[in-house]
Amino acid sequence: MSQEIELKLALGPDGPSALRRHPLLAALPVRVSHLGNTYFDTPDGALEHARMALRLRRVDGRVLQTVKTRGQGGGGLSTRGEWEWEVPGPGLDLEGLAALPPAALGDEVLARLAPRFTTDFRRETREIAHAGSRIELALDEGEILAGEHRVAIRELELELKAGAPDALWSLAEALAESVPLRPSDTSKAARGGALLAGGWTLPRGNSAADRLHRAVVALDALADTGEPAWRDAAREALAPLVGQAHEARELSRGLDAPDWPTPAFGLAALRLARRLPADRDLA
């Protein structure tokens with residue numbers, strides 16, 4: 001098992017082109033790949049309830065099987081357990097899954113696994129040395145498909161390869177100066193599950209970090225559904241923080257910007273998230 005430490009950022013419609021123009025990235029070598037992924041679960045969503053994700057990924061003529069466990073974090077930052085290995089395909093390597101330690105992968109669950117939804121996207125990968133650390137940047141553009149429903153993928157993942165996690169925040173803030181982005185706490189797997197189920201559920205909690213996490217997930221739901229009620233839910237979650245942090249006031253005001261999310265909105269969200277404890281259970 002490896003441990004993945006990353007900062008997930010959702011991009012506005014102009015985000016990818018603005019990111020490519022950013023001075024920190026413009027001269028970096030880029031590797032392009034096309035990734036087709038099928039996510040598996042039981043019909044009653046046993047893995048989703050356990051906050052796990054299981055996928056087969058087709059890339060460069062290979063098939064990779066990946067299991068990710070429940071994430072810990074918040075404000076876009078997450079730490080997850082991950083197992084990944086090459087398989088013959090086209091189906092799952094059930095024997096390999098049975099050998100893994102997560103209790104949710106018991107025989108009863110393995111016997112009922114079936115394809116649930118797919119993601120297809122183009123990935124641009126770059127690597128940068130920043131603040132004494134080595135960070136991989138993965139820009140994903142494509143879509144999640146569940147039955148006849150689909151939503152866009154437009155996100156940037158900053159994964160720590162070597163060094164201190166604080167470098168992820170530093171790099172994200174540098175990018176947010178000119179790129180419309182915001183922290184995201186919802187994985188592609190959880191977004192696919194919400195699309196399949198036809199609804200979102202917001203996390204609860206009363207601490208400042210819990211409320212920011214709730215607001216971030218509400219904004220993830222807003223981006224995927226376009227339903228104004230999720231903007232109201234984000235504003236409600238942020239309300240108790242407005243008197244405590246000027247960044248929260250900026251976020252609440254910035255929710256109504258016609259070109260949301262603006263760079264100023266993303267920068268305020270990152271700065272608020274950076275100083276709150278990232279120890280929430282994530283989807």
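**Figure 1. Lys188 over the ring of Phe121 in the predicted model.** In this predicted model, Lys188 sits over the face of Phe121. The distance to the ring centre is 4.9 Å.

**Figure 2. The stacked pair of Tyr39 and Phe117.** Two aromatic pairs are present in the structure. In the pair shown here, the ring centres of Tyr39 and Phe117 lie 4.9 Å apart and the planes meet at 15°, so the pair counts as stacked. Tyr39 belongs to strand 2 (residues 31-41) and Phe117 to strand 7 (residues 114-130); with these positions 78 residues apart, the pair links distant parts of the chain. Tyr39 is buried, at a relative accessible area of 6%, and Phe117 is buried as well, at 8%.

**Figure 3. The edge-to-face pair of Trp260 and Phe265.** The rings of Trp260 and Phe265 form an edge-to-face aromatic pair, with 5.9 Å from centre to centre and 80° between the planes. Trp260 has a relative accessibility of 14% and counts as buried. Phe265, at 4%, is also buried.

**Figure 4. The largest nonpolar core around Leu156.** The largest nonpolar core has 56 residues, of which Leu7, Leu156 and Leu158 touch the most other members. Helix 7 (residues 208-225) contributes the most to this core, with nine residues. Beyond its neighbours within four places in sequence, Leu156 contacts Leu7, Lys8, Leu9, Leu11, Leu19, Leu137, Ala138, Leu139 and Leu175. A second core, separate from this one, has 15 residues, among them Met52, Leu97, Leu100 and Leu105.

**Figure 5. Glu159 in strand 9.** Glu159 is part of strand 9 (residues 149-162). The residue is buried, with a relative accessible area of 16%. Setting aside neighbours within four places in sequence, the contacts of Glu159 are Glu4, Ile5, Glu6, Arg134, Ile135, Glu136 and Leu168.

**Figure 6. Helix 8 and its packing partners.** Helix 8 (residues 228-242) comprises 15 residues and spans 20 Å from its first C-alpha to its last, close to the 21 Å expected at 1.5 Å a residue. The buried residues in helix 8 are Trp230, Ala233, Ala234, Ala237, Leu238 and Leu241. These buried residues pack against helix 7, helix 9 (246-254) and helix 10 (263-274).

**Figure 7. Ser252 in helix 9.** Ser252 is located in helix 9 and is buried, at 16% relative accessibility. Apart from neighbours within four places in sequence, Ser252 is in contact with Arg235, Leu238 and Val242. Of these contacts, Leu238 is one of the buried residues of helix 8.

Conventions: Residues numbered from 1 in each chain as written. Predicted model: local features only at pLDDT ≥ 70, side-chain atom pairs only at ≥ 80, totals over all residues. Heavy atoms only, no water. Core = buried A, V, L, I, M, F, W, Y, C linked by side-chain atoms within 4.5 Å. Buried < 20%, exposed > 50% of the residue type's maximum accessible area, 1.4 Å probe, protein only. Helix = DSSP H or I, 4+ residues; strand = E, 2+ residues; numbered from the N terminus. Contact = heavy atoms within 4.5 Å. Expected span 1.5 Å × (residues − 1). Phe/Tyr/Trp six-rings, centres within 6.5 Å; stacked < 30°, edge-to-face > 60°. Lys NZ or Arg CZ within 6 Å of the ring centre and 35° of its normal.
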